[in-house]
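Me: I am new to this structure and would like to go through it slowly. Could you show it, and then take my questions one at a time?

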Amino acid sequence: MFAGVVTSFDSAPRYSRFTAPEASSEHDLVVNVLAAGLHPRVRSQASGSHYTSTDELPLIPGVDGVGRGADGLLRYFVLSDTTFGSMAEQTVIDTRRSVVLPDDSDPVAVAAAMNPAMSSWVALRQRISFSAGQNVLVLAATGSAGRIAVQVAKHFGAGQIVAVGRDAERLDALTHLGATDTVLLEGTPDDIAERIGRASTETDVVLDYLWGEPMAAALTAVVSNRADESRLLSWIEIGSVAGPVAPIPSAALRSCRLQIVGSGQGSVSPREIVAELPALAAAITDGTFDLTTRTYALSDIETAWADFEHTSERIVITPNS
Ligand SMILES: NC(=O)c1ccc[n+]([C@@H]2O[C@H](COP(=O)([O-])OP(=O)(O)OC[C@H]3O[C@@H](n4cnc5c(N)ncnc54)[C@H](OP(=O)(O)O)[C@@H]3O)[C@@H](O)[C@H]2O)c1
């Protein structure tokens, strides 16, 4: 069998021969992988920098995917923390962490969208008590996950949806996908703070993919412009594209009813994630979310790795196409 194999955390996976996986428990199923998304989470897995990394090598990257096993069913699966990922002709899945898809589902669309969509879907469903009509602000809304977060917020009936990002063209396009207002991260810090503050006086939930210094600046802007300090503000930390550490001003926590929570592996249990898979997979296969994809054969995995930095499309590896 062939796989993308990481033998050093400093270099991209290489297309290499690898021993085929075997089922070892009653819930295990070996599947032929049809599509596996190259998400930022997969990049950090392959570079050993993710917080779940065990430094074990060699490893096959890939945290999820779509595959078909000997039972003939098409499944989306999420892998547990393993060194045998989905960027391989075959992998072994735990059927309890999978959802059976309609047979005519597009494996590429599902593999591309589940991870970025799950980030906001699970945050709104499992980390806070979100209800229709509440107002949402999305930080780093022009990435794959942020772009779908705007659409997930709309899907769940959000009132105002404010999209914040640094790419003017992609930000503008979000108004066709549900954003009711946009804030471009351009200009002086004071300018940006003023515009974020003005757009978020009635924000209930922040879906934060940014973190770092820009998060602290945005937090100050949002908190100091609230129309009603007693209105609950739920700040959900989901990603950290702008930096792993944010200097949170103490006054922000005292001056309004602010709660900061994280959403990801660990803060959401596997059981809670699995509970959301059927509805999310159905929304994706129904075409609810708009996401552009780019596919690569498994043999081109090194090229896919190199191209990741230069595309806003979600890269999907198709090992058995
Ligand atoms: N917790 C979870 O469950 C979960 C699940 C999925 C993803 N995530 C995390 O969410 C984050 C985003 O994922 P993704 O799939 O959307 O990644 P992505 O498609 O690569 O998008 C990242 C976005 O962040 C923007 N960005 C990067 N640095 C920035 C900065 N300093 N200021 C403003 N914008 C900046 C990029 O803008 P440009 O295009 O302008 O560079 C891009 O639009 C990652 O940290 C990922 O690990 C978390």
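The questions and answers below go through the structure topic by topic.

Reply: Before we start, this is a predicted model, in which local features need pLDDT of at least 70 and side-chain atom pairs count only at pLDDT 80 or more, while totals for chains, interfaces and linings use all residues. Residues are numbered from 1 along each chain as its sequence is written, and side-chain values use heavy atoms, with hydrogens and water left out.

Me: How do the residues of the shell around the ligand divide into nonpolar, polar and charged?

Reply: The ligand is surrounded by 20 residues, each with a heavy atom within 4 Å of it, and Ser144, Ala145, Arg166, Ser263 and Arg314 are the closest. Helix 2 (107-127) and helix 3 (144-155) each supply at least two residues of this shell; helices here are DSSP runs of H or I with at least four residues, strands are runs of E with at least two, and both are numbered from the N terminus. When Ala, Val, Leu, Ile, Met, Phe, Trp, Tyr, Cys and Pro count as nonpolar, Asp, Glu, Lys and Arg as charged, and the others, Gly among them, as polar, the shell divides into eight nonpolar, nine polar and three charged.

Me: Which residue has a side-chain N or O atom 2.7 Å from an oxygen atom of the ligand?

Reply: A polar contact is a pair of N or O atoms within 3.5 Å, and one such pair joins a ligand oxygen to the side chain of arginine 170 at 3.1 Å. A nitrogen atom of the ligand lies 2.8 Å from a polar backbone atom of serine 263. The side chain at 2.7 Å from a ligand oxygen belongs to arginine 314.

Me: Which residue meets the side chain of aspartate 103 in a salt bridge?

Reply: The whole structure holds 13 salt bridges, each being a side-chain nitrogen of Lys or Arg within 4 Å of a carboxyl oxygen of Asp or Glu. Aspartate 103 sits in the loop between strand 7 (98-100) and helix 2, and its partner is in strand 4 (residues 64-69), 35 residues apart. At 2.8 Å, N to O, that partner is arginine 68.

Me: What is omega of the cis peptide bond between leucine 57 and proline 58?

Reply: Proline 58 is placed in the loop between helix 1 (40-46) and strand 4. Aspartate 55 is also in the loop between helix 1 and strand 4, and its phi is near 70°, a positive value in a residue other than glycine. For the cis bond joining leucine 57 and proline 58, omega is about -5°.

Technical notes:
Polar contact = N/O pair within 3.5 Å; in protein donor to acceptor, adjacent residues only side chain to side chain.
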